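I opened my notebook to record what I could look up in one protein model. I kept each entry short.

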Amino acid sequence: AGFSQSRTPRSSAQLTESGYRRIPAAPRPATMGNTCCGMREMTSTKNVTLGGGALWNQDVVIPFGIKESIKEIPIGTVCCFDNKSKKKTLIKQMASADIGYTAKRMADDFMPRIGVVMDSTGYVSPIHLGSSSALRAQDLECISLISKEENTYVATSSLGVTHVFQLNYSTAGCFNYGILTADHISQGQLPVPPEESTVLGSLNQCNIEATAVFKDSLGVTRMFWCGRGGLRTGRSWTMQAPFMPVTGRVEETMIDHGYFANVTSQPKWRVCTAIVIEVEAHQTHFYFSSTYDGMDDGRELDLTGDQTNLNNKRVFKSVIAKTSYPLGITSILATLHGVKIEALMKVENAMGKVTHLVLGSDDEDLGSLLGVMDVHKPMNTTFVNLGLASETKTFITRDKWGTSGMAPAGVFAFDLVKQGSF
């Protein structure tokens with residue numbers, strides 16, 4: 001079963017079994033990264049193209065299954081969901097005389113924006129309490145852990161609005177249950193290229209589905225973000241800069257601008273829908289997902305089946321890949337049909353090396369799957385049905401559980417375990 005580092009790249013004129021063309025690596029810049037105090041900063045993406053120079057280490061479709069539970073699911077994982085608000089302004093409400101507005105507003109207040117994975121079935125408990133702007137945000141697409149010790153996170157919308165918050169767990173009281181709240185720290189805005197807009201509904205509206213907060217090799221907290229790309233898009237843009245959680249903004253005078261290649265070389269695929277970054281002493285690995293949404297092509301889901309249904313495998317497709325720098329080589333780790341992977345989270349060993357990726361899907365009316373992939377043995381990838389498990393315990397329908405981002409648990413998870421909440 002096949003993970004092979006020795007596979008020779010096919011010619012750019014040939015197609016793989018999965019239909020992907022080899023993408024030539026972008027010309028490598030003369031220097032990689034910024035220089036400070038005699039050290040070269042290995043995480044800079046200035047003038048760098050991610051997703052190029054693809055090697056097909058794993059070019060067969062992985063026949064995944066859906067289990068009732070997976071013991072490797074990281075309990076306490078924090079997820080975000082891309083639910084859009086149903087709330088109207090008072091003027092719109094009066095103009096439309098919408099008698100169902102009150103019901104819609106109540107439903108909106110309980111649609112999950114932020115939640116925590118509670119057990120090995122993938123059940124997510126939504127967080128509704130707290131002052132965080134993330135709890136009322138529209139279309140959250142990604143989330144990152146800022147500080148494990150301080151339980152601080154930043155969730156970002158498709159328009160680049162950042163919501164920095166802290167998760168706080170109050171000790172058990174009434175009926176032996178504690179309360180988990182998301183408390184506001186800041187709200188900011190990420191810059192986008194001048195040809196794109198952060199105004200909702202504009203013709204050139206930006207669409208950001210992938211961000212990552214990480215410490216670079218010099219210990220600086222940075223934010224990476226990029227455009228999703230999509231139909232007829234050969235590549236997309238990337239930006240990276242120091243991130244300031246207290247304001248929710250980046251240092252705009254220090255932005256590194258780069259590019260993201262379409263790793264499949266198929267223009268109907270979205271260039272990047274999720275990304276995580278692994279920083280080593282002498283190289284940096286960018287793990288990312290690229291997806292195909294056949295509903296944009298007019299294909300329809302078979303709601304009598306799940307993500308393993310043959311028809312649904314034609315509707316949603318995903319590639320998980322890794323670009324390593326300064327080598328500039330991209331390895332395709334896995335190809336999955338039936339799921340639209342829009343959330344990634346890295347799992348590291350005691351040495352800080354990434355051993356597994358947690359995969360979260362947003363499969364529209366089918367809901368969401370949560371899976372674990374061994375980066376060295378991707379054929380062993382399995383999933384649980386997050387959407388079904390969460391619908392069963394919360395009565396919020398599975399189509400509202402499309403996972404758009406994931407981040408590791410903070411120390412709050414230890415308090416939850418201690419109180420028996422898991």
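**Entry 1: Thr-181**

I started with Thr-181, in a model that is predicted. I found Thr-181 in strand β12, which covers residues 179-189. Is Thr-181 buried or exposed? Its relative accessible area is 17%. Buried means under 20%, so Thr-181 counts as buried.

Next I looked up its contacts. Its side chain makes a polar contact with the side chain of Asp-183, at 3.3 Å. I then left aside neighbours within four places in sequence. Thr-181 is then in contact with Ile-127, Leu-129, Gly-130, Gln-166, Leu-167 and Asn-168.

**Entry 2: The whole chain**

I stepped back to the whole protein. I noted five helices and 26 strands. The protein has 422 residues, and 53% of them count as buried. I also looked up how far along the sequence the contacts reach. Among contacts with a separation of 6 or more, 61% join residues 24 or more positions apart.

**Entry 3: A sheet of five strands**

Which strands form the open sheet, and in what order? I wrote down β5-β25-β24-β23-β22, five strands with mixed pairing. The edge strands are β5 (66-67) and β22 (341-348), and each of these pairs on one side only.

I took the pairs in turn. β5 and β25 run parallel and are joined by two bridges. Here Lys-67 stands opposite Val-384 in β25.

β24 (residues 370-374) and β25 (residues 377-384) pair in the antiparallel sense. I noted four bridges between β24 and β25. In one of them, Val-372 has Thr-382 in β25 as its partner. Gly-371 has Phe-383 in β25 as its bridge partner. β24 and β25 also form a hairpin, with two residues between them.

**Entry 4: Thr-121**

Where is Thr-121? I found it in the loop between β7 (114-117) and β8 (124-126). Its relative accessibility is 26%. That value is not under 20% and not over 50%, so Thr-121 counts as partly exposed.

Two short links caught my eye. The side chains of Thr-121 and Asp-119 are joined by a polar contact of 2.5 Å. The side chain of Thr-121 also reaches the backbone nitrogen of Tyr-123, at 3.4 Å.

I then looked further along the chain. With neighbours within four places left aside, Thr-121 is in contact with Glu-68, Ser-69, Val-384, Asn-385 and Ala-389. I had already met Val-384 opposite Lys-67. Lys-71 is 50 residues from Thr-121 in sequence. In space, their C-alpha atoms are 8.6 Å apart.

**Entry 5: The largest pocket**

I turned to empty space. Rolling a probe the size of a water molecule over the atoms shows where such space is left. The largest pocket has a volume of about 870 Å³. It is lined by 44 residues, and those closest to its centre are Leu-145, Met-345, Lys-346, Ala-407 and Pro-408.

Which elements supply at least two residues each of this lining? I listed β9 (140-147), β13 (208-215), β18 (270-279), β22, β26 (403-407) and α5 (412-418). I had met β22 before, as an edge strand of the sheet. By class, the lining of the largest pocket has 26 nonpolar, ten polar and eight charged residues.

**Entry 6: Leu-145**

I picked Leu-145 from the residues closest to the centre of the largest pocket. Leu-145 is found in strand β9. Its relative accessible area is 19%. The cut-off for buried is under 20%, so Leu-145 counts as buried.

I did not count residues up to four places away in sequence. Leu-145 then touches Thr-152, Tyr-153, Val-213, Ala-407, Pro-408 and Ala-409. Ala-407 and Pro-408 were also on my list of residues closest to the pocket centre. Met-406 is 261 residues from Leu-145 along the chain. The C-alpha atoms of Leu-145 and Met-406 are separated by 8.9 Å.

**Entry 7: The second largest pocket**

My last stop was the second largest pocket, with about 520 Å³ of space. I noted 26 lining residues. Those closest to the centre are Asp-82, Lys-84, Asp-139, Glu-141 and Asp-362. How many lining residues are charged? I recorded 16 charged residues, along with seven polar and three nonpolar.

Terms used. Residues are numbered from 1 along each chain as its sequence is written. This is a predicted model: local features need pLDDT of at least 70, side-chain atom pairs count only at pLDDT 80 or more; totals for chains, interfaces and linings use all residues. Side-chain values use heavy atoms; hydrogens and water are left out. Two strands pair if DSSP finds at least two bridges between them. On a 1 Å grid over the protein atoms alone, a cavity is a set of points where a 1.4 Å probe fits but cannot get out, and a pocket is an open set with protein on both sides within 12 Å along at least five of seven lines; lining residues have an atom within 4 Å of a point. Grid points are joined across faces, edges and corners, and a volume is the space filled by probe spheres set on the points. Ala, Val, Leu, Ile, Met, Phe, Trp, Tyr, Cys and Pro count as nonpolar, Asp, Glu, Lys and Arg as charged, and the others, Gly among them, as polar. Buried means under 20% relative accessible area, exposed over 50%, partly exposed in between (1.4 Å probe, protein chains only). Contact means heavy atoms within 4.5 Å. A polar contact is a pair of N or O atoms within 3.5 Å; within protein, one must be able to donate a hydrogen and the other to accept it, and residues adjacent in sequence count only if both atoms are side-chain atoms.
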